[in-house]
Amino acid sequence: MSKYLITKNVNDLPRLPLEGTIDLTYRCNNNCRHCWLWIPEGSREKEKELAFEEIRRIVDEARSMGCQKWILSGGEPMLREDFHEVFDYITKNSISYSLNTNGTLITPRIARLMKRKGEKWVALYGATADVHDHITRNPGSFDAVMRGISYLKEAGAAFVVQIIPMKDNYHQFEDMKKLAQILSPDWRTGISWLYLSASGNPKKNAEIKAQRLSPIELNNLEKFGFYEKDIQERLHEQEACLRSGDDHLFAACIAVRRDFHIDPYGQMSFCDKIKEPLLRYDLRKGSLRHCWETFIPELSEKMRGGREYLKNCCSCKLRRDCSWCPVYGYLEHRRFSAKVDYLCESAKEKKRLRETSKKGYRRYYQLAGITIQVDSDLPITDESFHPKFKHFEIERPGDDIVRINHHFFLPDMDGQDLGKEVHRKPPWAIFKKKNSWIYVWTGPSDRISGTSLAAVFNNDYTRARIYSANKDTYLKGNLQTLTFFPTDQLPLARVLADREACFIHSAGLVLNNRGLLFVGHSEAGKSTIVKLLQSQAKILCDDRIIVRKWADGFKIHGTWGHGEVPDVSPDSAPLNAIFFLEKSNKNQLIKIKTRQETFRKIWACLIKGFTADGWWDKILTLVEQLIREVPCYTLRFDKSCGFVDLLKNMDHADRCQNTP
């Protein structure tokens with residue numbers, strides 16, 4: 001271990017209840033055709049709902065355990081006579097909040113209350129009154145929504161229009177988008193597939209099924225707006241359930257979740273779709289702490305999928321294209337282990353669309369043994385990216401894939417819960433939200449509002465969704481990076497660390513079949529070295545090289561991050577020697593005698609990402625191995641080619657370790 005840095009490994013985040021969802025009521029003044037929870041506005045269930053004092057006790061206990069955000073939903077939460085008091089208390093006792101509403105009951109007083117910074121989602125079921133009111137079965141609901149939205153605008157309360165697409169309004173989808181854009185600068189599509197009712201009522205289920213879109217229509221919706229949860233969070237949670245051969249249905253999900261759900265009657269569980277009484281805990285008879293720390297973890301072992309799950313969804317080749325979850329199996333068939341045929345067909349269509357879209361909307365690039373898969377909502381042509389990328393383009397992906405998806409829309413960031421801020425220095429603001437990293441381009445102004453670029457990465461940076469408002473820039477082509485970032489190194493630095501590799505400010509050459517690395521910052525002479533050796537060696541890159549440890553030793557890999565010399569190559573070579581450059585009036589090669597000096601020189605030229613958690617310890621170990629196995633020299637050189645003979649005549653027989 002180096003004396004320069006001591007690291008501490010933290011393998012798991014504390015399991016804290018950071019986010020709570022509370023359904024204030026399941027009563028609603030609408031009676032939507034797709035709703036899985038609806039009970040009438042005047043239902044006697046009102047008498048069983050949590051009283052304000054009970055809600056206050058729950059909120060206080062959750063806050064004492066670390067809860068930072070609340071999501072208020074229903075039913076229609078504004079039906080509660082004490083909605084003002086509940087909303088006021090929850091929002092004053094949390095860092096952020098989200099509110100889901102049908103918008104029909106918004107009054108000027110409520111609109112003023114909604115000015116508090118947070119997310120407000122207002123549902124839209126049609127572009128015209130006849131279609132909207134047909135879906136809600138509530139005559140006048142469209143006009144009521146428009147009136148409620150006008151109150152929000154008058155009060156200056158930001159909100160998101162949430163389009164809810166289904167069979168009976170899909171013909172108006174384009175018009176709904178246009179209306180949403182007029183009503184608010186921020187809009188999205190809501191849940192794009194319809195799960196069945198919590199009650200299991202056959203008549204209601206038949207009604208919901210009748211509103212399901214075809215698999216083609218369903219998959220076409222995925223390009224519009226943000227989802228109910230951040231895309232990368234959904235991917236992470238879905239992948240957590242893919243443990244091969246394990247039929248513990250909820251164990252992985254419970255392990256990664258930091259949120260919980262409470263229904264109107266004080267029943268708590270880890271998911272808002274869980275309606276089975278045996279999986280919910282009565283907060284009127286116990287504490288939130290006991291539910292979170294004991295009851296929910298115990299569910300991990302209790303729920304098993306058995307043969308049905310292992311034979312079907314667990315081993316299905318389409319699993320990564322499918323939205324299936326045990327809770328959906330239960331709602332569909334009253335069995336958590338059951339597959340959902342509608343989702344099977346949707347997954348098949350998603351795979352088909354992905355395969356057919358490869359030619360025009362997907363490209364593969366190879367970098368240091370890693371495939372970078374680039375997908376775009378707009379066609380990718382030979383002119384989209386700078387010609388330098390042609391050297392790295394490949395026909396088929398390898399086994400190790402980093403996926404980048406480009407989208408050309410950008411919702412308003414104002415009022416969004418982006419998570420915990422971990423970096424703030426122009427031109428970037430970076431946030432950690434659950435298992436995702438969110439990057440927002442602030443420019444020199446250091447302002448999130450009005451940004452033109454945002455990106456969401458999963459925890460290990462192997463999946464990225466990049467949202468850009470600069471569609472015209474993309475269409476002009478000749479883009480210098482694959483990520484639209486000023487440099488691709490920022491997100492890739494973490495990817496490399498997980499593969500025992502790193503970027504180094506350096507030039508890489510292959511001379512007499514030997515890989516040579518010339519290390520130094522700007523003006524150190526990297527490009528000069530490359531120009532002087534241009535006719536005698538193969539150039540990998542003159543400014544950014546990847547060093548990666550393989551089973552047979554360290555190799556250097558070319559990158560597209562060149563400096564003065566535009567020649568780049570995806571090739572690699574075994575690393576034979578490292579040279580730290582010093583301009584001089586004579587040529588001299590001096591072997592560095594101490595590992596401490598070598599470590600200091602390499603560390604100063606490493607390229608680090610902004611989010612370095614988990615990076616330091618991996619790279620520290622890598623660099624220490626590197627300087628033990630590869631001889632390191634100081635190369636003093638003038639602008640003649642005299643140093644070339646020094647390189648060619650190096651005695652590589654002496655592969656001794658540098659002395660400590």
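In helix H1, the residues Ile55, Ile58, Val59, Glu61 and Ala62 are buried. Seen down the axis of H1, these buried residues fall within an arc of 165°, so they line one face of the helix. The spacing of such positions reflects a general property: an α-helix has 3.6 residues a turn, so residues three or four places apart point the same way. The model described here is a predicted one.

The length of H1 can be checked against its residue count. Helix H1 covers residues 52–64, and at 1.5 Å a residue its 13 residues should span 18 Å; the C-alpha atoms at its two ends are 18 Å apart, in agreement with that expectation. The buried residues of H1 pack against strand S1 (19–23), strand S2, helix H2, strand S7 (259–262) and helix H11 (288–302). Just after H1 comes Gly66, with a positive phi of about 115°.

Strands S1, S2 and S7 lead to the sheet of which they are part. This open sheet has nine strands in the order S6-S5-S4-S3-S2-S1-S7-S8-S9, and its pairing is mixed. At its edges are strand S6 (187–189) and strand S9 (281–282), each of which pairs on one side only. Within the sheet, S1 and S2 pair in the parallel sense over five bridges, and Asp23 stands opposite Ser73 in S2.

The chain after S2 holds a notable peptide bond. The bond from Gly74 to Gly75 is cis, with omega near 20°. Gly75 is located in the loop that runs between strand S2 (69–73) and helix H2 (83–92).

Strand S3 (residues 96–101) belongs to the same order of strands, and Thr101 is placed in S3. With a relative accessible area of 8%, Thr101 is buried, because the cut-off for a buried residue is under 20%. Leaving aside residues up to four places away in sequence, Thr101 touches Glu76, Met78, Trp121, Val122 and Ala123.

Helices also lie against this part of the structure. Helix H6 (residues 173–183) lies across strand S4 (119–124), strand S5 (160–163) and S6, and runs at about 170° to S5. A further case is a pair of helices, H4 and H5. In general, two packed helices are described by the angle between their axes and the distance between the axes. The axes of helix H4 (residues 129–136) and helix H5 (residues 141–155) come within 7 Å and cross at roughly 105°. That angle makes H4 roughly perpendicular to H5.

The contact between these two helices can be followed residue by residue. From H4, Ala129, His132, Asp133 and Thr136 meet Ser141, Phe142 and Val145 of H5. The buried residues of H4 are Val131, His132, Asp133, Ile135 and Thr136, and their cover includes S4 and H5. After H4 comes Arg137, whose phi is positive, near 55°.

A second sheet is described next. It is an open sheet of nine strands, ordered S12-S10-S11-S13-S18-S17-S16-S15-S14, with mixed pairing. Strand S12 (393–394) and S14 stand at the edges with a single partner strand each, so one side of each has no neighbour in the sheet. Helix H17 packs on this sheet and touches strand S10 (362–367), strand S11 (370–376), strand S13 (401–407), S15 and strand S17 (453–458); the direction of H17 makes about 140° with that of S11.

Strand S15 pairs with strand S16 (residues 436–441) in the antiparallel sense over six bridges, and Ile430 stands opposite Tyr439 in S16. On the other flank of S15 in the strand order is S14. Between strand S14 (420–425) and strand S15 (428–433) lies a loop that contains Pro427. A cis peptide bond joins Pro426 and Pro427, with omega about 15°.

Two further residues, neither of them glycine, have a positive phi. Phe484 has phi near 70° and lies in the loop between helix H16 (471–476) and helix H17 (489–497). At 17% relative accessibility, Phe484 counts as buried. Asn513 has phi near 65° and lies in the loop between strand S19 (501–511) and strand S20 (514–519). At 71% relative accessibility, Asn513 counts as exposed.

Conventions
Residues are numbered from 1 along each chain as its sequence is written. This is a predicted model: local features need pLDDT of at least 70, side-chain atom pairs count only at pLDDT 80 or more; totals for chains, interfaces and linings use all residues. Side-chain values use heavy atoms; hydrogens and water are left out. Helices (H or I, at least four residues) and strands (E, at least two) are DSSP runs, numbered from the N terminus. Buried means under 20% relative accessible area, exposed over 50%, partly exposed in between (1.4 Å probe, protein chains only). The expected span of a helix is 1.5 Å times one less than its number of residues. The arc is that of the directions from the helix axis to the C-beta atoms. Contact means heavy atoms within 4.5 Å. Two strands pair if DSSP finds at least two bridges between them. Axes are lines fitted to C-alpha atoms, for helices over the stretch in contact, and angles run from 0 to 180 degrees between N-to-C directions. Angles under 35 degrees count as roughly parallel, over 145 as roughly antiparallel, 65 to 115 as roughly perpendicular and the rest as oblique.
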